[in-house]
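Please open the model in your viewer and keep the sequence panel beside it. The tour below goes from one selection to the next and says what is to be found at each stop.

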Amino acid sequence: MKKIVVLFGLSVISLFSSISFSAVNLDPEEAAIMQKAEKINQYFSKRKMPLAGYGLDFVIAAEENGLPWNLLPAIAVQESSGGKRDKNNNPFGWGSANIKFADYKEAISVVANKLATHKYYKDKSLSQKLWVYNPEKSYKKKIFKFMEKIKNENGLYRANRMLAR
């Protein structure tokens, strides 16, 4: 229950983009979540990808569904260049990109849930999930590479946005 409350609180905080998260008193768990969100946002922002700003949505969806925090952003980079080539607000190519989503938040939430609970993905390892997602031989390697790049971002997205104002 505490995790849900923490995630909700962080969602509310994220609505106020002028707030620097370093200035907000966060417990270590909250700070780790925000650091991950910042890394995702920084990765997308540096590359001028439309998914910049959705970092916290990615992290919350991953936390709620027991997925690695950088998995969905990596899939979005591979499938649509972080939303640059998405179709139907579907940056993941879900359902051969024919499934329509109202917005990116819905796409993130639905795809995270499906990767955790759908019969094709449930109870599978990450490697097995990726093979089901796309059985191309090199796909898993590409996703792991993007996951590593996102993990290694410096996480200065909000600071850079504030300096640009």
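What follows starts with the whole chain, then visits two pairs of helices, and ends with single residues in the loops.

**The whole chain**

Begin with everything selected, bearing in mind that this is a predicted model. Coloured by secondary structure, the chain shows 8 helices and 0 strands, so that the order of elements from the N terminus reads α-α-α-α-α-α-α-α. The chain has 165 residues, of which 39% count as buried. If you display contacts between residues with a separation of 6 or more, 57% of them join residues that are 24 or more positions apart.

**Helix α6 and its buried face**

Now select residues 126-133, which form helix α6, and show the side chains of K129, L130 and Y133, the buried residues of this helix. Turn the view until you look down the axis of α6: its buried residues fall within an arc of 95°, and therefore they line one face of the helix. A general point helps here: an α-helix has 3.6 residues a turn, so residues three or four places apart point the same way. To see what covers the buried residues of α6, add helices α4 (71-80), α5 (104-117) and α7 (139-151), which are included in that cover.

**Where α6 meets α7**

Keep α6 and α7 in view and hide the rest for a moment. These two helices pack with their axes 9 Å apart and at an angle of about 120°, which means that α6 is oblique to α7. The crossing in which α6 passes α7 is right-handed. On the α6 side, select L126, S127, L130 and Y133, and on the α7 side Y139, K140, I143, F144 and M147, since these residues make the contact. Sorted by class, the contact of α6 with α7 consists of 7 nonpolar, 1 polar and 1 charged residues.

**Where α4 meets α5**

Next, bring back α4 and α5, whose axes lie 11 Å apart where the helices pack at an angle of about 110°; α4 is therefore roughly perpendicular to α5. This crossing, too, is right-handed. The residues to show are L71, L72 and I75 of α4, together with I108, V111, A112 and L115 of α5, which make the contact. In the contact of α4 with α5 there are 7 nonpolar residues, with no polar and no charged ones.

**The loop between α4 and α5**

Staying with this pair of helices, move to the loop between them and select D86. With a relative accessibility of 24%, D86 counts as partly exposed. Leaving aside neighbours within four places in sequence, D86 is in contact with S80, P91 and Y104. Select P50 as well and draw a distance between the C-alpha atoms: D86 and P50 are 36 residues apart along the chain, and these atoms are separated by 9.5 Å.

In the loop between α4 and α5 you will also find S96. Is S96 buried or exposed? Its relative accessible area is 62%, and S96 is therefore exposed. Check its backbone as well, for S96 has a positive phi of about 55° although it is not a glycine.

**The loop between α5 and α6**

For the last stop, select D123, which is placed in the loop between α5 and α6. D123 is not a glycine, yet it has a positive phi, of about 65°. At 75% relative accessibility, D123 counts as exposed.

Definitions and conventions: Residues are numbered from 1 along each chain as its sequence is written. This is a predicted model: local features need pLDDT of at least 70, side-chain atom pairs count only at pLDDT 80 or more; totals for chains, interfaces and linings use all residues. Side-chain values use heavy atoms; hydrogens and water are left out. Buried means under 20% relative accessible area, exposed over 50%, partly exposed in between (1.4 Å probe, protein chains only). Helices (H or I, at least four residues) and strands (E, at least two) are DSSP runs, numbered from the N terminus. The arc is that of the directions from the helix axis to the C-beta atoms. Contact means heavy atoms within 4.5 Å. Axes are lines fitted to C-alpha atoms, for helices over the stretch in contact, and angles run from 0 to 180 degrees between N-to-C directions. Angles under 35 degrees count as roughly parallel, over 145 as roughly antiparallel, 65 to 115 as roughly perpendicular and the rest as oblique. A crossing is left-handed if the near helix is turned anticlockwise from the far one by less than a right angle, and right-handed if clockwise. Ala, Val, Leu, Ile, Met, Phe, Trp, Tyr, Cys and Pro count as nonpolar, Asp, Glu, Lys and Arg as charged, and the others, Gly among them, as polar.
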